[in-house]
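Me: Could you go through this one with me? I'd like to talk about charge pairs, packing and a few odd backbone spots.

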2 protein chains.
Amino acid sequence: MNSGPLWLNGDLHAQPPLLASDRGLLLGDGLFETVLVRYGAPVLLPEHLQRMRNSALALDFAIPGSFDEQIAEAFDALRVATGDSASAALRVTLTRGPGPRGIGLPEEANPSLLVQLDSFDPTAVSVDSAAIIDALRLDPLDPLAPHKTTSALRWVAARQAARVAGADVALLRTIDGDLAEADFANLFAVIDGRVVTPPLERGVLPGVTRAFVLRTLRDEEELVEERPIRSAEVDGASELFLTSSLVGVRALRLVDGRPLPPASPVAEALAAAYARIP
Amino acid sequence: MNSGPLWLNGDLHAQPPLLASDRGLLLGDGLFETVLVRYGAPVLLPEHLQRMRNSALALDFAIPGSFDEQIAEAFDALRVATGDSASAALRVTLTRGPGPRGIGLPEEANPSLLVQLDSFDPTAVSVDSAAIIDALRLDPLDPLAPHKTTSALRWVAARQAARVAGADVALLRTIDGDLAEADFANLFAVIDGRVVTPPLERGVLPGVTRAFVLRTLRDEEELVEERPIRSAEVDGASELFLTSSLVGVRALRLVDGRPLPPASPVAEALAAAYARIP
């Protein structure tokens, strides 16, 4: 639950005095990262903060001064305040902050930096079944596609459609019909002995765990292809797995109610590699 | 400025205690309406609240009990608190409220209803020039297209792209290339003596002012067509105008730097009709 203390713009709050004029609230005008905390340490934190910096630069968000140091300080303060961060989810939210009415950018940057730490057990999250949701299509040319933004209602709607269909997560298509990604996770398939994932050019999020998986596979000289995945290929795939920072590498067991092969050696090896990140 | 008092869940606040766990802030999981207040009265308020109710139903948002009464009470309280509401913008925001971490819907609905009133002068807003932004394309099949949501970063980005191009507002295309709408305004053209606007099936917002304009034109037995507008038609249009609740009916003077004909009798007549709404 996000009911614990949080850190906002330098201070720790039990109930924070968030401004209702914050564009994060009014316009979804924000960026966020969620980071797994394991044995008290955030996993791949520099990669997450670099992605946020990249997105901030692309979308004209101001980055607060001493950004990395502020987040480290926030994490330490929250760790002490919550008492238990052995297994937790760290969320960093950067919004454009309060501003005048309307969608035009404020003349003066006044970003809000919000850090939250919640206890989180990845093994309690079920990621076994997926439903392909034909609505909510991704545009490969969408300039917002590479950015993890708080304008996330389409992911909320996709997840809800999957739940209504009896599945744990949604798989989404592009407007061209190829499979692109899951709601807040990247998609991989093992097809004819090769590990395949859609390239970033298909409008998928540049996932931190996706990049870790690609590095790991290439280091081990596995055959990897970044290319579109056609939905007809799902039936012939020997594995289908998802990657996300919070749940790691997770093999799907069912897609649209059809079972996948029970063994998933590639996903298991990658999950083990993810678990070994210091 | 949104720095004045506001009404949240039944109480008037100078600085409201918004929960940082509100899904409106974290996930853009909210709906909103902006309503013009003229001579102290909200214009077409029932139509705005009906659209919000329609969207809430479609997207599984709970509507707080006594919804209309609460908003009327909030408006009255804010009018007294701000002292001047002769010309103002009333904003109603409904979020899914606080909930557990993640994109899945909370098991128990706990919506946040936020009402804000800011002094606003429509004549101070420049809506003379538009830039056609080729990125940020609309998907006509997007199930979220009919809903005015707080996941609005794409509109923020579109407006910013237009400003960088030296224009006041952005005109957006669908993935099929036809012109659909402006950033937070609907688009009309006068072509060969007919008033043309893209149908809702092109993924445009069902604007309250758009509906008022269509009713007005049909009542006066003007020739109206709801059909796609090809961008090649812009050059031959005798008028191009935008409709939005806050700025009303506004003729464009320039599109991508090219001037439109100086006279805009249709837009002017509609602007006058909009100004006469009691």
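Reply: What follows is a conversation about a predicted model, taken topic by topic.

Me: How many salt bridges does the structure hold over all chains?

Reply: Counting over all chains, there are 36 salt bridges in this predicted model.

Me: Take E226(A), then: which residue forms a salt bridge with E226(A)?

Reply: The partner is R210(A), and the closest N and O atoms of the pair are 2.7 Å apart. This pair links distant parts of the chain, since E226(A) belongs to strand β12 (residues 224-226) of chain A while R210(A) belongs to helix α5 (residues 208-219) of chain A, with their positions 16 residues apart in sequence.

Me: And R210(A), buried or exposed?

Reply: R210(A) is buried, its relative accessible area being 4%, whereas E226(A) has 34% relative accessibility and therefore counts as partly exposed.

Me: Over to chain B. What does R173(B) form a salt bridge with?

Reply: R173(B) pairs with D134(B), and the closest N and O atoms are 2.5 Å apart. R173(B) sits in strand β8 (residues 169-174) of chain B and D134(B) in strand β7 (residues 129-138) of chain B, so the salt bridge ties together parts that are 39 residues apart in sequence.

Me: Why does R173(B) count as buried?

Reply: Because its relative accessible area is 17%, and buried means under 20%. D134(B), with a relative accessible area of 48%, is partly exposed.

Me: What is the closest N and O distance between R230(B) and E233(B)?

Reply: In that salt bridge the closest N and O atoms are 3.6 Å apart. R230(B) counts as exposed at 52% relative accessibility, while E233(B) is buried with a relative accessible area of 12%. As for chain A, salt bridges that share partners join R194(A), E225(A), R227(A), R230(A) and E233(A) into one network.

Me: Switching to the hydrophobic side: which residues touch the most other members of the largest nonpolar core?

Reply: L90(A) and L90(B) do, in a core of 90 residues. In soluble globular proteins, nonpolar side chains tend to be buried together.

Me: Which residues is L90(B) in contact with, leaving aside its neighbours within four places in sequence?

Reply: The contacts of L90(B) include E33(B), T34(B), V35(B) and V37(B), then P42(B), L45(B) and F75(B), and also V115(B), Q116(B) and L117(B). There is also a second, separate core of 45 residues, and I132(B), I191(B), L242(B) and A251(B) are among its members.

Me: Helix packing next. At what angle do α2 and α3 of chain B cross?

Reply: The axes of helix α2 (residues 45-58) and helix α3 (residues 67-82) of chain B cross at roughly 135° and come within 11 Å. The two helices, α2(B) and α3(B), are therefore oblique to each other, and α2(B) passes α3(B) in a right-handed crossing. On the α2(B) side the contact is made by L49(B), M52(B) and R53(B), and on the α3(B) side by F67(B), D68(B) and I71(B).

Me: What about α5(A) and α6(A), at what angle do they pack?

Reply: α5(A) packs against helix α6 (residues 265-275) of chain A at an angle of about 110°, with the axes 11 Å apart, and α5(A) and α6(A) are therefore roughly perpendicular to each other. T209(A), F212(A), V213(A), T216(A) and L217(A) of α5(A) meet L270(A), A273(A) and Y274(A) of α6(A).

Me: Now the backbone. What is the phi of E221(A)?

Reply: Its phi is near 60°, which is a positive value in a residue other than glycine. Most residues other than glycine have a negative phi. E221(A) lies in the loop between α5 and β12 of chain A, and it is exposed, with a relative accessible area of 71%.

Me: And where does D256(B) lie?

Reply: D256(B) is in the loop between β15 (254-255) and β16 (258-259) of chain B. D256(B) is not a glycine either, yet has a positive phi of about 50°, and its relative accessible area of 39% makes it partly exposed.

Me: Last one: T150(A), buried or exposed?

Reply: T150(A) counts as buried, at 0% relative accessibility, and its place is in the loop between β7 (129-138) and α4 (153-164) of chain A. Measuring C-alpha to C-alpha, T150(A) and T197(A) are 25 Å apart in space and 47 residues apart in sequence.

How values were computed:
Residues are numbered from 1 along each chain as its sequence is written. Chains are lettered from A and ligands numbered from 1 in the order in which they are written. This is a predicted model: local features need pLDDT of at least 70, side-chain atom pairs count only at pLDDT 80 or more; totals for chains, interfaces and linings use all residues. Side-chain values use heavy atoms; hydrogens and water are left out. A salt bridge is a side-chain nitrogen of Lys or Arg within 4 Å of a carboxyl oxygen of Asp or Glu. Helices (H or I, at least four residues) and strands (E, at least two) are DSSP runs, numbered from the N terminus. Buried means under 20% relative accessible area, exposed over 50%, partly exposed in between (1.4 Å probe, protein chains only). A nonpolar core is a set of buried Ala, Val, Leu, Ile, Met, Phe, Trp, Tyr and Cys residues joined through side-chain atoms within 4.5 Å. Contact means heavy atoms within 4.5 Å. Axes are lines fitted to C-alpha atoms, for helices over the stretch in contact, and angles run from 0 to 180 degrees between N-to-C directions. Angles under 35 degrees count as roughly parallel, over 145 as roughly antiparallel, 65 to 115 as roughly perpendicular and the rest as oblique. A crossing is left-handed if the near helix is turned anticlockwise from the far one by less than a right angle, and right-handed if clockwise.
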